[in-house]
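Here are some exercises to work through with the model open beside you. Try each task before you read its solution.

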Amino acid sequence: MTDTRKMYIGGEWVDSISGESLEVRNPATGEVVGRAAFGDHRDALRAIDAAHAAFPEWSRLLARERSRYLYRLYELVYEHRNELAELVSAEMGKPVREAKGEVVGSADYFLWYAEEAKRVYGETIPSSFPNKRILVHRQPVGVVAAITPWNFPVNMVARKIAPALAAGCTVVLKPAEATPLSAIRLFELIHEAGFPPGVANLVIGQPDKVGEAFLKSPKVAKIAFTGSTRVGKLLMAGAAEHVKRVSLELGGHAPTLVFADADLDLAVKGVFESKFRNTGQMCICTNRLYVERSVAEPFVERLVERVKKAKVGDGRNPDVEVGPVINERGLEKVLNHIEDARQKGATVVCGGNRLTEGDYAKGYFVEPTVLTGVERGMRVLEEETFGPVLPVAVFDTEDEAIRLANDSPYGLAAYVYTRDLGRAVRVAEALEFGIVGVNDGAPVQTQAPFGGFKESGLGREGGHHAMDEFLEIKHISLGW
């Protein structure tokens with residue numbers, strides 16, 4: 001029997017109060033790869049209490065002292081990068097070479113915010129009175145409840161807790177139930193790095209019960225969430241009761257625009273990377289591809305040639321490029337999107353089927369799929385598929401391309417391929433998205449802000465901008 005991994009509360013490894021646990025299964029094989037304690041609101045409240053008790057001392061530490069803890073954590077995560085990558089691949093199916101990139105990027109967040117911890121600056125503002133001085137002070141908001149998804153189970157944790165800890169906040173993390181093992185291992189490294197008890201806490205449990213505890217506890221000052229827009233709206237509404245601060249990184253429906261003057265080989269490379277990395281299970285991946293009509297045929301030919309070469313399989317195999325989708329529900333959604341498009345007139349140029357033979361028999365595998373002839377009214381153009389399916393449509397003018405791209409309630413990421421510098425500037429500025437990659441299918445970097453417009457969320461992660469999400473501004477008027 002696999003040992004049950006525990007939660008981390010107040011500097012100690014603990015079982016859930018209920019005694020319940022959950023199995024973690026590899027979506028490529030169906031095998032059990034681990035077991036974790038599975039709690040509820042009582043465990044969440046216990047963790048909140050620990051974080052609240054630890055906050056005064058942690059928030060008063062010198063910035064350089066908090067920096068040292070984060071730097072040590074960076075060293076440990078980087079040192080254990082291969083082990084963490086293998087865990088990520090085992091519990092959610094991500095190709096291991098991608099998982100290594102995720103873990104190295106996660107380490108970079110701890111390094112970056114080890115430096116940003118020392119750069120929380122205030123201001124002095126000239127007063128209107130000779131016997132007064134105006135000081136602007138920035139201080140941590142308090143206890144942060146962080147909720148992270150399964151598709152980047154280490155990176156999403158690092159992106160939330162690193163700036164929070166750097167700012168002087170304490171944290172309670174609830175990772176996704178599908179991928180708790182990598183979060184547990186990360187918290188083992190937090191423990192090894194010597195963080196004081198209660199500064200960082202880990203609760204694995206029922207989303208509704210844990211989320212309710214986060215919302216109702218007056219000890220939680222802020223909620224940081226990555227997940228669906230539907231759940232983000234619920235959290236935003238619930239947070240209003242105590243006027244909690246929220247940062248929300250929600251759904252996406254990213255368009256890619258390929259203009260006739262683009263480097264088509266570069267565009268094929270970028271589109272493939274954006275769409276099929278992590279099996280299309282990314283909130284910033286290309287969900288809608290619009291190609292200028294005059295180059296649509298040769299571009300699709302090159303793209304399909306590349307897609308057909310992609311090796312599909314268990315992500316733990318080093319030559320695999322496309323792994324399984326996360327679970328049965330995710331598989332059904334992907335297949336339903338393909339069938340809906342097919343029935344409404346789209347052409348399946350390649351792929352389109354579930355893989356079930358041989359090594360694929362026990363996993364949730366879908367062939368990398370390209371659809372042409374897609375139109376409004378098809379689910380693939382209106383919903384986030386979260387799988388390896390790429391719908392292709394055409395446009396005739398720059399204005400039409402912009403209109404089609406912006407025709408969505410989401411505004412997280414968009415991509416543009418063109419050699420025309422003026423067009424690149426015009427289109428990037430006209431797109432209603434928080435991230436725009438111009439001739440770049442992988443625009444996310446640690447030092448850059450990450451976040452969306454419209455229903456894709458509130459606030460920013462990454463860069464110095466993320467620190468603002470965890471700091472209050474205080475005006476101090478000094479008189480004599």
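Before we start, one term: a residue is called buried when its relative accessible area is under 20%, and exposed when that area is over 50%. Keep in mind too that this is a predicted model.

**Exercise 1. Find the buried residues of helix α11 and say what they pack against.**

Step 1: locate the helix. α11 covers residues 328-343, which makes 16 residues. From its first C-alpha to its last it reaches 22 Å, close to the 22 Å expected at 1.5 Å a residue.

Step 2: pick out the buried positions. They are Gly330, Leu331, Val334, His337, Ile338, Asp340 and Ala341.

Step 3: recall a bit of helix geometry. An α-helix has 3.6 residues a turn, so residues three or four places apart point the same way.

Step 4: look at the neighbours. The buried residues of α11 pack against strands β16 (354-355), β17 (365-366), β18 (369-372) and β19, and also against helix α12 (379-382).

**Exercise 2. Trace the open sheet that contains β14 and work out which strands stand at its edges.**

Step 1: write down the order. Seven strands line up as β15-β18-β19-β14-β13-β21-β22, with mixed pairing.

Step 2: check the two ends. β15 (347-350) and β22 (435-438) are the edge strands; each has a single partner, so one side of each is left without a neighbour in the sheet.

Step 3: add the twist. From one strand to the next, it averages 25 degrees.

Step 4: zoom in on one pair. β14 (residues 286-292) and β19 (residues 389-395) run parallel and are joined by four bridges. Here Tyr290 stands opposite Ala393 in β19.

**Exercise 3. Decide whether His80, Leu235 and Tyr410 are buried or exposed, and list what each one touches.** For the contacts, skip residues up to four places away in sequence.

Step 1: take His80. You'll find His80 in the loop between α2 (63-79) and α3 (81-92). Its relative accessibility is 17%, so His80 counts as buried. The residues His80 touches are Arg185 and Leu189.

Step 2: move to Leu235, in helix α8 (residues 229-239). With 7% relative accessibility, Leu235 is buried. Leu235 touches Ile147, Leu215 and Phe225. One of these, Leu215, is 20 residues away along the chain, and its C-alpha is 7.4 Å from that of Leu235.

Step 3: finish with Tyr410, in strand β20 (residues 410-411). Tyr410 has a relative accessible area of 18%, so this residue is buried. Among the residues Tyr410 touches are Thr229, His253, Phe433 and Phe453. For a sense of distance, Gly142 is 268 residues from Tyr410 in sequence and 30 Å away in space, C-alpha to C-alpha.

**Exercise 4. Compare the radius of gyration of the protein with that of a compact globule, then describe the whole fold in numbers.**

Step 1: make the comparison. For 480 residues, a compact globule would have a radius of gyration near 23 Å; the protein has 23 Å, so the two agree.

Step 2: add the dimensions. Along its principal axes, the C-alpha trace spans about 75 × 65 × 40 Å.

Step 3: count the elements. The protein holds 15 helices and 25 strands.

Step 4: look at inside and outside. Buried residues make up 55% of the 480 residues. The protein exposes about 19,600 Å², and carbon and sulfur atoms supply 50% of that.

Step 5: check the contacts. Of those with a separation of 6 or more, 74% link residues 24 or more positions apart.

Conventions
Residues numbered from 1 in each chain as written. Predicted model: local features only at pLDDT ≥ 70, side-chain atom pairs only at ≥ 80, totals over all residues. Heavy atoms only, no water. Helix = DSSP H or I, 4+ residues; strand = E, 2+ residues; numbered from the N terminus. Buried < 20%, exposed > 50% of the residue type's maximum accessible area, 1.4 Å probe, protein only. Contact = heavy atoms within 4.5 Å. Pairing = 2+ DSSP bridges. Axes fitted to C-alpha atoms, helices over the stretch in contact; angles between N-to-C directions. Rg over C-alpha atoms; globule rule 2.2 N^0.38 Å. Areas by Shrake-Rupley, 256 points an atom, 1.4 Å probe, with all protein chains shown as cover. Expected span 1.5 Å × (residues − 1).
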